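Q: I am new to this structure and would like a close look at a single part of it, the surface that faces the DNA. Please take me through that part slowly and then set it in its surroundings.

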Number of protein chains: 2
Amino acid sequence: MNNGRFAISLHILVLLDKAKGELLSSDYMAGSININPVLVRKELINLRDQGFVVSKEGKNGGATLAKSADKITLGALYESVKSAHLLGSHKNDPNPLCEIGRDINKHLNALYDDTERKLISQLNQQTLADFSARFSN
Amino acid sequence: MNNGRFAISLHILVLLDKAKGELLSSDYMAGSININPVLVRKELINLRDQGFVVSKEGKNGGATLAKSADKITLGALYESVKSAHLLGSHKNDPNPLCEIGRDINKHLNALYDDTERKLISQLNQQTLADFSARFSN
DNA sequence: TCATTCTGTAATTTTATTTATTACAGTACA
DNA sequence: TGTACTGTAATAAATAAAATTACAGAATGA
């Protein structure tokens, strides 16, 4: 996971948790995160696909949590936004004529998968409720 | 860690381990990794600064491991190449007028630091020797 | 000694990725 | 039926990563 999507999604979820069921608009949330509202809407679609939030179209629409904050683990959130490999490079196209180059991707992927699995189980020990509780208000 | 530096550095180290003390040139290693030799040389400088390799200038020069492969942990390698935060975004400049935005970086950083610490201790359980041994030759 | 083969390093260009912007259709409300 | 939203596509701008070019300096050995 190489981009700001984890931070954006977590920020969204904290805002929704603090809103206690009140619908928040993407424009409002974009103002808090200080990013473009379209990015918020895209993340909301992903969060909705994962079952974390529900959203309502039309006037007075917006988003709210779809489940209790203690049912959303940070590991699940991580998995929902990860795109590239944890440690992975963009391009990795080693020389197949070299004995090391030929096999390294297989071994790197095994290492990455193993490491990522442990990272996720680590993150799964914390929920959105835990994280949200760190905010004083 | 968001780029291919971990993969590149590990590839270099495996090549050097398999070379058993014979000096390898950056051009040769770049050919195996299939990247530009200048990138290899830059990584070698970092690896040398970390005490993992030694390099020799001039004709018949090149690089070799500075210490035994079982003394180089993958956690130390990870630390040597990490630049950005593990889960961190490029830009993260939330609105300080929002109570959540005002505090979120503090809490995100605590989460990132904690998670990264555990990732590194996980990676520290594996050495270059372990990884290199996965290659059949 | 001097051509050769390396490393070290800076500067620049190219490519890839991420983020922002613009635009607009569709939905729901009041 | 205007207004305030979401959903979504297309494009542009900004940023980051990688490649390229260039060359100085070091060590070798013919």
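A: The largest share of the surface near DNA strand D comes from α3(A), which supplies four residues. This is a predicted model, and the description that follows should be read with that in mind. The elements that give two or more residues to this surface are α3 (37–49) and β1 (53–56) of chain A, together with α3 (37–49) of chain B. Sorted by class, the residues of the surface near DNA strand D divide into five nonpolar, 11 polar and nine charged.

Of the 25 residues around DNA strand D, those that come nearest are Ser26(A), Arg48(A), Asn36(B), Leu39(B) and Lys56(B). On the side of the DNA, sugar and phosphate account for 68% of the atoms of strand D that come within 4 Å of the protein. One approach to the phosphate is made by Ser55(A), where a polar side-chain atom lies 2.9 Å from a phosphate oxygen of DNA strand D. The bases are approached as well: a polar backbone atom of Lys59(A) is 3.3 Å from a base nitrogen of DNA strand D, and for Lys59(B) a polar backbone atom is likewise 3.3 Å from a base nitrogen of that strand.

Turning to the other strand named here, DNA strand C has 26 residues around it, and of these Asn36(A), Lys56(A), Gly58(A), Ser26(B) and Arg48(B) come nearest. Sugar and phosphate account for 70% of the atoms of DNA strand C that come within 4 Å of the protein. For the surface near DNA strand C, at least two residues each are supplied by α3 of chain A and by α3 and β1 of chain B, and α3(B) gives the most, with four residues. By class, this surface has five nonpolar, 12 polar and nine charged residues.

The atom pairs at DNA strand C can be followed in the manner used for strand D. A polar side-chain atom of Ser55(B) lies 3.0 Å from a phosphate oxygen of DNA strand C. A polar backbone atom of Gly58(A) is 3.2 Å from a base oxygen of DNA strand C, while a backbone N or O atom of Lys59(A) lies 3.2 Å from a base nitrogen of that strand. Lys59(A) therefore has backbone atoms within the 3.5 Å limit for a polar contact at a base nitrogen of strand C and at a base nitrogen of strand D.

Both protein chains take part in these surfaces, and it helps to see how the chains meet. The contact between them takes 50 residues from chain B and 50 residues from chain A. Together chain B and chain A bury about 4,100 Å², with 64% of that area on carbon and sulfur atoms. Between the two chains there are eight residue pairs in polar contact, both residues being at pLDDT 80 or more, and zero salt bridges. On the side of chain B that touches chain A, the elements giving two or more residues are α1 (5–18), α2 (26–33), α4 (74–81) and α5 (99–123) of chain B. Of these, α5(B) gives the most, with 16 residues, and by class this side of chain B has 23 nonpolar, 19 polar and eight charged residues.

Strand β1 of chain B, one of the elements listed for the surface near DNA strand C, also contains Val53(B). Val53(B) counts as buried because its relative accessible area is 2%, which is under the 20% limit for a buried residue. Leaving aside neighbours within four places in sequence, Val53(B) is in contact with Leu13(B), Leu16(B), Leu44(B), Leu47(B), Arg48(B), Thr64(B), Leu65(B) and Ala66(B). One of these partners, Arg48(B), is also among the residues that come nearest to DNA strand C.

Charged pairs are found in the structure too, with 14 salt bridges over all chains. In helix α5 of chain A, Lys118(A) and Asp114(A) lie four residues apart, about one turn of the helix, and their side chains meet in a salt bridge with an N to O distance of 3.1 Å. Asp114(A), Arg117(A) and Lys118(A) are linked in a network of salt bridges. Because its relative accessibility is 36%, Lys118(A) counts as partly exposed, and Asp114(A), at 21%, counts as partly exposed as well.

Methods. Residues are numbered from 1 along each chain as its sequence is written. Chains are lettered from A and ligands numbered from 1 in the order in which they are written. Side-chain values use heavy atoms; hydrogens and water are left out. Contact means heavy atoms within 4.5 Å. Buried area is the accessible area (1.4 Å probe) that two parts lose on being put together, summed over both. A salt bridge is a side-chain nitrogen of Lys or Arg within 4 Å of a carboxyl oxygen of Asp or Glu. A polar contact is a pair of N or O atoms within 3.5 Å; within protein, one must be able to donate a hydrogen and the other to accept it, and residues adjacent in sequence count only if both atoms are side-chain atoms. Ala, Val, Leu, Ile, Met, Phe, Trp, Tyr, Cys and Pro count as nonpolar, Asp, Glu, Lys and Arg as charged, and the others, Gly among them, as polar. A residue is near a molecule or strand if one of its heavy atoms lies within 4 Å of it. Buried means under 20% relative accessible area, exposed over 50%, partly exposed in between (1.4 Å probe, protein chains only).
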